[in-house]
Every structure is written in C-alpha cells, then in structure tokens.
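Biologist: I would like a close look at a single part of this model. Please take one residue and describe its surroundings step by step.

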Number of protein chains: 2
Amino acid sequence: MPRKIELFVPAITPFATDLSVDKVRFVANARRLIANGAHGLAPFGTTSEANSLSVAERMEALDAIIDGGINAAQVIPGTGCCNANETIALSAHATGHGCRGVLMLPPFYYKGVTDEGVFNAYARVIEAVGPDLRVYLYHIPQMSGVAITLPLIERLIKRFGDQIAGLKDSSGKWDYTASVIEAFPQIDTYSASESMIPQNVAAGGAGCISATLNPNPTGIRALVDGLNGPDHDALHAQVSGVRSIFEGIPLIPAIKAAIAAQTGDADYARIRPPFVELGEAHADAVTDAVRIAGEQRPS
Amino acid sequence: MPRKIELFVPAITPFATDLSVDKVRFVANARRLIANGAHGLAPFGTTSEANSLSVAERMEALDAIIDGGINAAQVIPGTGCCNANETIALSAHATGHGCRGVLMLPPFYYKGVTDEGVFNAYARVIEAVGPDLRVYLYHIPQMSGVAITLPLIERLIKRFGDQIAGLKDSSGKWDYTASVIEAFPQIDTYSASESMIPQNVAAGGAGCISATLNPNPTGIRALVDGLNGPDHDALHAQVSGVRSIFEGIPLIPAIKAAIAAQTGDADYARIRPPFVELGEAHADAVTDAVRIAGEQRPS
C-alpha cells in the first residue's frame with residue numbers, strides 16, 4: 001500500500017496589539033487552513049514564531065484550536081525547547097490531548113554537541129512523557145545549529161521503535177531527505193518545501209510541512225492530488241511560483257503579510273521581535289504571491 | 001578615577017542523580033568561588049548550562065544562593081531566553097532580589113534578524129521590567145547566532161541610558177572588545193577569557209567573566225591584583241596555562257570535572273544533555289589543570 005501523502009501547516013501565530021497571542025484569529029486561521037485543503041496542522045514550528053512564545057502561551061493556544069474543533073489526531077505541535085523540563089511539559093500536554101505526535105527540535109542553544117548528547121536529550125524527554133508520545137524529529141540546522149544525523153535516528157529507532165514517527169527536513173538539502181527516506185522507510189519523512197513534493201513522494205516520503213502552506217494551501221493540495229496527472233506541470237509551476245516570491249523576502253513577516261492580504265485583516269501581519277513587520281518595500285511581492293495563490297475559502 | 005576591575009564567575013550548576021538542580025552544592029560552590037577571590041557571580045550563563053534549565057529552576061537556584069548569603073549586589077544572573085515572557089519573568093525576579101544587573105542574551109533561535117528586531121526585543125523586556133533593571137548585553141554569536149552590533153548598543157544606550165550597564169564579549173575577538181570599550185567607555189565591558197585581562201584593563205575594560213574562573217579563581221584574582229607588578233608575567237603564564245588546557249577539551253564538562261577533582265566530590269561532574277560527562281580520555285588534562293590552578297580554600 002502506498003504511503004499516505006499529507007500536508008501539515010506550520011500555522012502562523014497571530015498577535016493582538018499588545019503582542020499577546022490572539023487566540024481568536026489563531027483558531028480562525030487553523031479552520032481556514034483545513035477548509036482549504038491542509039490535512040493537518042504543525043503549529044508552533046519555526047514559522048509559527050514558537051520560539052518567541054512561552055510554554056504557557058503554547059499550551060493555551062493548543063487548547064484553543066482543539067477546543068475550537070480541530071481534530072487533535074491531525075495536529076503535530078512543535079514542543080522542542082532548549083531545556084528538557086519545558087520540552088517534557090509541552091510534549092506531555094500535546095500527548096494528553098491525543099495529538100498525532102510532536103515535532104521536536106533538539107536542544108538548540110549549545111553547539112558542537114555530540115550525537116550521544118542529543119540522543120540522551122531526546123531519550124530523557126521520551127522516557128519522561130511515556131509510551132503514548134510519538135516524535136517527529138526536526139532537522140533545521142541553519143536555525144538550531146544541531147543536526148539530526150542518520151546514526152542518531154538509527155539509535156533512537158532502535159531504542160524507541162515506532163515512537164519515532166517521522167522527521168521534518170528543513171535543511172533544504174534534498175540529498176539529506178533522500179538519505180533519511182532510504183535508510184528509514186518506516187518513518188514519515190516530510191520536506192519543508194512544496195517544490196520538493198514530487199521528489200519526496202517518488203522517493204517514498206510522506207509529504208510536506210511548509211511555511212508557504214499558510215498562504216497557498218489550495219494550490220499545494222492541488223499539486224498533491226494531481227501528482228503525475230495531466231496538470232502536474234502547471235500545478236508544480238503554481239506552487240513554485242508562490243514559493244519563489246517568498247524566498248526573496250523575509251519569510252515569516254512575508255507569510256503573515258500575505259495572510260493579512262488574503263483575509264483583508266491587517267491584524268494578521270503583526271509579529272513579535274526579533275522580527276519586524278514586512279513593510280511597504282515588499283508589498284508588491286506579497287500582492288503577486290497572493291494573486292498566484294488564488295482565491296481561498298474564508299473558513 | 002580608574003575603573004574598578006572585577007571578576008564574575010559563570011558558576012557551574014551542579015545536578016543530583018536525577019539531574020534536578022543540586023541547590024546545596026550550587027550554594028557551596030558559590031561560597032567557595034567568593035572565598036577564593038571572585039568579586040561576584042554571573043550564574044546562569046553558558047557555562048552554567050542555563051539554557052538547559054527551566055525558568056522555575058533558574059529562579060529557585062537564584063533564591064538559594066541569595067538565601068545562602070551571597071550578596072545580590074555582586075550577582076549578575078543570566079536571564080535571556082528565546083521568548084520575551086520568560087526573559088521578563090527572570091529579569092524581574094533578579095531585579096526584585098536587588099541583583100547588580102542581568103546578563104541578557106538576545107533572543108537566539110531565529111537567525112539573520114535585523115538590529116531593529118533585536119533592539120525591539122531588548123526594549124520590550126526593559127520596558128516591562130522597569131527602571132530598576134540594569135542590563136549587561138551578552139555577545140556570544142558562536143552560540144546565539146545573533147551579534148550585539150555597535151549600532152545596536154548605541155541605540156540601546158540612547159534610549160535607556162545607564163540601564164545599559166555593560167557587555168560581556170564571549171566572541172574571543174579582541175578587535176570587537178576593543179571597539180566596544182572605545183565607543184562606549186561609560187559601560188562595563190568584560191572579556192570572556194582571563195588571558196585578555198591585561199589588554200582589557202589597559203584599554204579601559206572592566207575585567208572578566210570567564211568559565212575558567214570556576215576552577216581557577218585564586219590564580220585569576222592574583223593576576224588582576226598583580227597587573228603590571230613584578231610577578232605579572234608569571235601570573236599571566238599561570239592563568240594562560242590553565243586556560244589552554246581547557247581550550248583543548250570539551251569546555252563545560254571539563255570545568256565540572258575539574259571542580260569535582262578539586263573538591264574531591266564527584267557529584268560536581270554530573271551534566272545535563274546535550275552534554276556528556278568528560279570521561280577518562282581527558283582525565284590527565286583535568287589533573288594538570290587542577291595542579292596548575294593550585295590549592296583552593298574549601299569555602
């Protein structure tokens with residue numbers, strides 16, 4: 001049976017004027033993304049500004065989307081903090097909600113650490129949360145400074161079996177993605193760019209967890225549904241067209257600006273430091289991206 | 001009047017067998033460091049594994065050393081987290097204790113951010129904590145990925161005046177330290193290596209906040225007290241001799257192993273993931289460092 005191909009959105013986190021988490025818009029955006037073709041959500045990822053949120057804010061926002069009707073079985077929240085206690089608290093909270101799993105950064109302050117040390121860090125969390133936890137490993141060395149190496153994955157699977165459920169590769173390096181899929185076909189390996197969906201699926205991957213799913217869920221879902229069909233090239237051109245615009249400008253501020261433009265609700269553009277709002281200089285680029293992404297259902 | 005030259009120790013954080021913070025040894029080590037010549041403590045820095053501690057653990061450990069008799073006016077705890085809420089909570093807690101100031105990392109998950117964004121992040125924390133907060137900026141780009149640039153410092157001083165109290169330069173690049181001292185003589189600029197104390201002091205700096213102060217407080221204090229005196233070269237050779245040993249092996253595990261060797265208490269060597277204990281391969285190096293550091297008062 002072929003692997004199920006799915007799209008999980010690292011949903012943006014809207015903020016109120018005092019920069020507190022705007023849970024009303026967080027829930028509305030979650031519903032909009034599902035209504036427009038996303039299979040699920042991976043909130044509290046890099047794009048979600050999760051690392052600018054406190055543990056309490058992350059828990060309350062997760063509560064809000066689940067209370068708001070999003071199916072926990074299709075939610076993979078990010079839970080990896082620098083310190084184990086907070087990672088354990090977030091992971092236990094998500095597991096208690098029945099989430100499909102958690103997307104877990106390695107501890108990311110200290111650099112130059114060993115695979116043994118990173119293994120010990122993951123093991124400590126998994127043992128503390130217990131057997132219901134399912135972990136998606138998060139490889140984003142350009143931000144975390146700590147790579148998820150193949151020997152590390154092997155050691156984790158050997159110890160924890162199917163509690164190691166998958167991996168998101170945000171490195172942008174296809175050779176790494178391919179090596180993970182080949183070595184560990186039993187886990188779900190997601191690319192971070194929808195441009196790689198054809199390669200990812202052909203190699204045996206599980207789909208995509210991409211920032212650009214926020215403004216372009218319909219287009220990316222159409223590509224997944226139409227892979228290798230008569231419209232394949234046009235669908236791929238659409239998603240790559242949207243994506244290439246965002247690659248030229250500050251990504252997270254631009255994603256938020258695009259949601260603001262699509263919804264006609266400027267509040268979605270608000271962002272926490274250390275980011276700054278996108279500004280007028282890139283307004284035309286956002287307009288182009290939104291035009292290519294096309295009409296979205298309101299919710 | 002010449003600037004006061006001081007040594008603040010980024011005190012290690014001892015752990016119990018279950019890896020909880022060992023507050024009894026944390027206090028005992030703090031007292032030992034002061035008894036052996038340190039002017040003060042900068043706990044919860046990089047060497048303290050602060051980024052492997054939760055907010056609650058950091059607060060409780062700070063309470064413990066102050067309850068244990070360490071003068072808050074000589075304590076500069078690290079408080080910078082990825083997210084503002086936790087940085088504000090820790091900074092307010094330290095300020096409430098009457099700490100001399102806080103050593104504040106910029107938000108360090110997101111890379112490639114602008115000076116404006118980092119300024120906004122610091123400003124948000126300083127405004128939230130209030131006028132009693134004094135901030136020592138923490139420049140350690142090899143870990144944080146976010147540099148404290150000169151234009152950023154200028155903008156912070158212009159806005160917050162003497163609430164910007166100082167800077168610790170952990171980059172190891174003397175040109176940067178010198179440029180900060182020259183441009184901002186009104187703030188206290190600390191080097192992170194005792195090897196640079198003569199240069200730091202000659203240029204108008206304020207001293208040193210160094211990992212190696214943990215095992216070698218007596219030697220480093222002797223250098224500061226004997227700068228340009230008849231024993232200057234021998235004193236400098238001693239501190240550089242100890243330091244060069246640690247530069248060749250995993251620093252934080254080695255510092256903890258050295259404290260264990262000096263105190264005859266193996267529990268000090270315990271470390272949290274993602275670090276691993278130093279191991280036998282480097283035991284001789286630690287023995288050498290401890291021998292050069294010489295006798296330490298027990299408390």
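Modeller: What follows is a description of one glutamine, its neighbours and the helix that carries it. The model is predicted, and every value below is computed from it.

The residue is Gln262(A), which lies in helix α11 of chain A, a helix covering residues 251-263. Is Gln262(A) buried, exposed or partly exposed? Its relative accessible area is 22%. Buried would require under 20% and exposed over 50%, so Gln262(A) counts as partly exposed.

Leaving aside residues up to four places away in sequence, Gln262(A) touches Arg32(A), Asn214(A), Pro215(A), Val290(A), Ala293(A), Gly294(A) and Gln296(A). With Pro215(A) there is also a short distance to note: a polar atom of the Gln262(A) side chain lies 2.7 Å from the backbone oxygen of Pro215(A). By contrast, Ile164(A) is 98 residues from Gln262(A) along the chain, and the C-alpha atoms of the two are separated by 37 Å.

Two of the residues touched, Val290(A) and Ala293(A), belong to helix α12, which spans residues 283-293 of chain A. The axes of α11(A) and α12(A) are 9 Å apart, and the helices pack at an angle of about 60°. Angles from 65 to 115 degrees would count as roughly perpendicular and those under 35 as roughly parallel, so this pair is oblique. Their crossing is right-handed.

On the α11(A) side, the contact involves Ala254(A), Ala257(A), Ala258(A), Ala261(A) and Gln262(A); on the α12(A) side, it involves Val286(A), Val290(A) and Ala293(A). By class, seven of these residues are nonpolar, one is polar and none is charged.

Methods:
Residues numbered from 1 in each chain as written. Chains lettered and ligands numbered in written order. Predicted model: local features only at pLDDT ≥ 70, side-chain atom pairs only at ≥ 80, totals over all residues. Heavy atoms only, no water. Helix = DSSP H or I, 4+ residues; strand = E, 2+ residues; numbered from the N terminus. Buried < 20%, exposed > 50% of the residue type's maximum accessible area, 1.4 Å probe, protein only. Contact = heavy atoms within 4.5 Å. Polar contact = N/O pair within 3.5 Å; in protein donor to acceptor, adjacent residues only side chain to side chain. Axes fitted to C-alpha atoms, helices over the stretch in contact; angles between N-to-C directions. Parallel < 35°, antiparallel > 145°, perpendicular 65-115°, else oblique. Left-handed = near helix turned anticlockwise from the far one by under 90°. Nonpolar A, V, L, I, M, F, W, Y, C, P; charged D, E, K, R; others polar.
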